[in-house]
Amino acid sequence: MKQIIQSFKTGETILEEVPAPRVKRGQVLIQTTKSLVSLGTERMLVEFGKSNLISKARQQPDKVKQVLNKIKTEGLLPTLEAVFNKLGEPLPLGYCNVGKVIGVGEGVSEFKVGDRVASNGQHAEFVSVPKNLVAHIPDNISDEEAAFTVIGSIGLQGIRLLAPTFGETIVVTGLGLIGLLTAQMLLANGCKVIGIDIDQSKLDLAKQWGVIPINPKQSDVVKEVMELTNGIGSDGVIITASAKTDAIISQSAQMSRKRGRIILVGVIGLNLRRAEFYEKELSFQVSCSYGPGRYDEEYEGRGIDYPLPFVRWTEKRNFEAILQAIASGNLKVKELITEQIALDDYLKIYGEIGNSRSIASILTYPEETQLKPSHTIALHNKNYKASKGVIGVVGSGNFTKMTMLPALKNSGAAYKYIASQGGVSGTAMAQKHGFSHSTTNYKDILNDADVDLVLITTRHNLHAPMVIDSLEARKHVFVEKPLALNTEELNTIISAHQKAGKSLTVGFNRRFSPHARKMKELVGNSAMNVIATMNAGNIPANVWVHDMQVGGGRIIGEACHFMDLITYLTGSKIKSVCMNAMGVNPQENTDNASILLEYENGSTGVINYFSNGSKSYSKERVEVYSQERTLVMDNFRVTSGFGFKGFSKLKTKLDKGHKNQFNELITGIKKGDQPLIPFDEIINTTRASFAAVESLKERKWISI
């Protein structure tokens, strides 16, 4: 299928051929008929992409600070590589989509094939959208009119936050598309509306509806508003403008009455002058997109609705309200349409988007009823029949892009597939690294006899089912940690592995680092005490890794790395586990914990997994004490020895063992060697991670 994407690296806006998405649980698959270009938001993205590196840095000072901190802890070259990889990510454009439902995911009952719907889908021939971001279109509304649903909801949410009453005077600053829609809705609400914009044509259009126009180029906007309100000031201001200046927020405060309200929908400079807000006791609030539910994984991702008696207007109900307003004639959108352009001619819109005088530009899509979504596309013609080490990658996130694919370079692997959820990121990676196919259906990889090895780097809750599917397809499997999230999943994997007769490797890469190997060589098989500290850094509580059902929490998902590393160093398996966590009443999900490990050969391990440390301190540190000798490894860069004859220090660039791991993995697949990590050690480590969580809940040692 065709989809419009923006490159932040080159600045190009591209109509790319990518695999169509598959309909997921809780979603509907839509064949697009129309989509509306948000000239304000998308212009910002396009112009940002076209700007040089210095300009990008100036626009994102918070990101510059993160880069500087990363340089301190990981070094210049790895940081620069990460930055350029990030800039190379393609960004799908668009969020105002109309089309027909052609597929319904499990758990969706309110939509059926053939329904006309509006959604926040992108500019693509096919989109798969969560059901709470989709709304039915009334029969008396055209597809062109329905394309205004989502962008209208942005203005509506600003109005709901302002809570205007009949007869109040409301100023709308910025009469772009959202501003014009907002002005219409305020008029329908019985408000006196003043519109401010520097584009006279937009002011003239708004005037036809009853909006009082003010052009800042021709008059003093604050004085004009004060005169129009008999010196009282406006009851409320909704800012829908996009500008870098701080003047707009200052003017909004000056033109407001005492205890007036200001709502920001657009993007402006926000250096507030305290006196202007203090003297009038003004209220200021930023509006978040389409309404309640936005960016809430429970609402959007899992389809769990907010109860209507308590949350009357969600983003979906805002969509429905906009459609109702268009159907009743209270919201007129046809006269806002400047142009309708065929998808293939998209550059007529995006080529000059920075200078566009359009209000609403609509993309039209082929109306081929027989058009079928293709979930796999061929990018290059390659013959893999005689090849060994042919790989298919499932997952196109940061780990795949930033770590795995660079580490696989020169490993001898033959690249065939990358599978991604939406198709865009996977296709970009496939093109960059020379894969012949991009897919949104990972089972196409499993059904291909050419593929020897499946590498899984998806979210943690998908690891176990995909590992099982891959083993049942008789493929060798590499899966990034964790292997599973619970004992039931693990037992099913064990059974599938026994039947498959294929290797299973978990991404416990630290044991392949030259530092770990040197430590192992030096301490031998003697009993030892190992202390491993991970200064993991804070991850916000709403990120999926903390969700025990999706990410498994950071102990199961990340601390398992050090369980495996200590197992490697001691040459023994974990016998029992005890975990303690910071807090008066810690829960099973923690990222500030100390884990005690007892090994079968008498060795002990301590894992300090902390998220509350300084980013300027080393991220990982391992200490080994054995036979009056000590080893200290600092962040996989420096290992110092004390009490060893002929060894004092090993220095390398940051090396956590990824490259060695993948080189040896591919070599082993080609030669039919033994698995990289003994299967019983993988199972032991996985069980130990579960035991750590159980120990915290039960407040006792747990035997493995």
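The exchange below asks how several descriptions of this predicted model follow from its values.

User: Why is helix 6 called roughly perpendicular to helix 13?

Analyst: Helix 6 (residues 149-162) and helix 13 (residues 315-328) pack at an angle of about 105°, their axes being 9 Å apart. Angles of 65 to 115 degrees count as roughly perpendicular, and therefore helix 6 is described as roughly perpendicular to helix 13.

User: Which residues make the contact between these helices, and what is their make-up by class?

Analyst: Helix 6 contributes Thr-149, Val-150, Gly-152, Ser-153, Leu-156, Gln-157 and Arg-160, while helix 13 contributes Asn-318, Phe-319, Ala-321, Ile-322 and Leu-323. Sorted by class, the contact of helix 6 with helix 13 consists of six nonpolar, five polar and one charged residues.

User: What makes Arg-116 and Asp-143 a salt bridge?

Analyst: The closest N and O atoms of Arg-116 and Asp-143 are 2.5 Å apart, and the criterion asks for a side-chain nitrogen of Lys or Arg within 4 Å of a carboxyl oxygen of Asp or Glu, so the pair qualifies as a salt bridge. The partners come from distant parts of the chain, with Arg-116 in strand 6 (residues 116-119) and Asp-143 in helix 5 (residues 143-146), 27 residues apart. By this rule the count for the model comes to 27 salt bridges.

User: Why is Arg-116 called partly exposed, and why is Asp-143 called buried?

Analyst: The boundary for buried is under 20% relative accessible area, and that for exposed is over 50%. Arg-116 has a relative accessible area of 21% and is therefore partly exposed, whereas Asp-143, with 17%, is buried.

User: How do you know that Arg-554 and Glu-558 form a salt bridge, and what separates them along the helix?

Analyst: The N to O distance between the side chains of Arg-554 and Glu-558 is 3.5 Å, and because the cut-off is within 4 Å, the pair is counted as a salt bridge. Both residues belong to helix 21 (residues 553-570), where they stand four residues apart and so are separated by about one helical turn. Arg-554 counts as buried at 3% relative accessibility, and Glu-558 is buried as well, with a relative accessible area of 17%.

User: What makes the salt bridge of Glu-620 with Lys-656 a link between parts that are apart in sequence?

Analyst: The closest N and O atoms of Glu-620 and Lys-656 are 3.4 Å apart. Glu-620 lies in strand 28 (residues 620-626), while Lys-656 lies in the loop between strand 31 (649-651) and helix 22 (658-671), so the salt bridge ties together parts that are 36 residues apart in sequence. Glu-620 has a relative accessible area of 0% and is buried, and Lys-656 is buried with a relative accessible area of 16%.

User: Why is strand 28 called mostly covered, and which strands pair with it?

Analyst: Five of the seven residues of strand 28 are buried, and strand 28 is accordingly described as mostly covered. Strand 24 (residues 529-535) is joined to strand 28 by six bridges in an antiparallel arrangement, in which Met-534 has Glu-620 as its bridge partner and Thr-533 has Arg-621. Strand 28 also pairs with strand 29 (residues 629-634) in the antiparallel sense over six bridges, with Val-632 as the bridge partner of Glu-623. Strand 28 and strand 29 form a hairpin with two residues between them, and Gln-627 in the turn has a positive phi of about 50°.

User: How do you know that strand 24 pairs with strand 27?

Analyst: Pairing requires at least two bridges, and seven join strand 24 to strand 27 (residues 604-610), so the two strands count as paired, here running parallel. Ile-531 has Val-606 in strand 27 as its bridge partner.

User: Why are strand 17 and strand 23 placed at the edges of their sheet?

Analyst: Seven strands form this open sheet in the order 17-20-19-18-21-22-23, with mixed pairing. Strand 17 (376-378) and strand 23 (504-506) each have a single partner strand, so one side of each is left without a neighbour in the sheet. Neighbouring strands in this sheet are turned by 15° against each other on average, direction ignored.

Notes: Residues are numbered from 1 along each chain as its sequence is written. This is a predicted model: local features need pLDDT of at least 70, side-chain atom pairs count only at pLDDT 80 or more; totals for chains, interfaces and linings use all residues. Side-chain values use heavy atoms; hydrogens and water are left out. Axes are lines fitted to C-alpha atoms, for helices over the stretch in contact, and angles run from 0 to 180 degrees between N-to-C directions. Angles under 35 degrees count as roughly parallel, over 145 as roughly antiparallel, 65 to 115 as roughly perpendicular and the rest as oblique. Contact means heavy atoms within 4.5 Å. Ala, Val, Leu, Ile, Met, Phe, Trp, Tyr, Cys and Pro count as nonpolar, Asp, Glu, Lys and Arg as charged, and the others, Gly among them, as polar. Buried means under 20% relative accessible area, exposed over 50%, partly exposed in between (1.4 Å probe, protein chains only).
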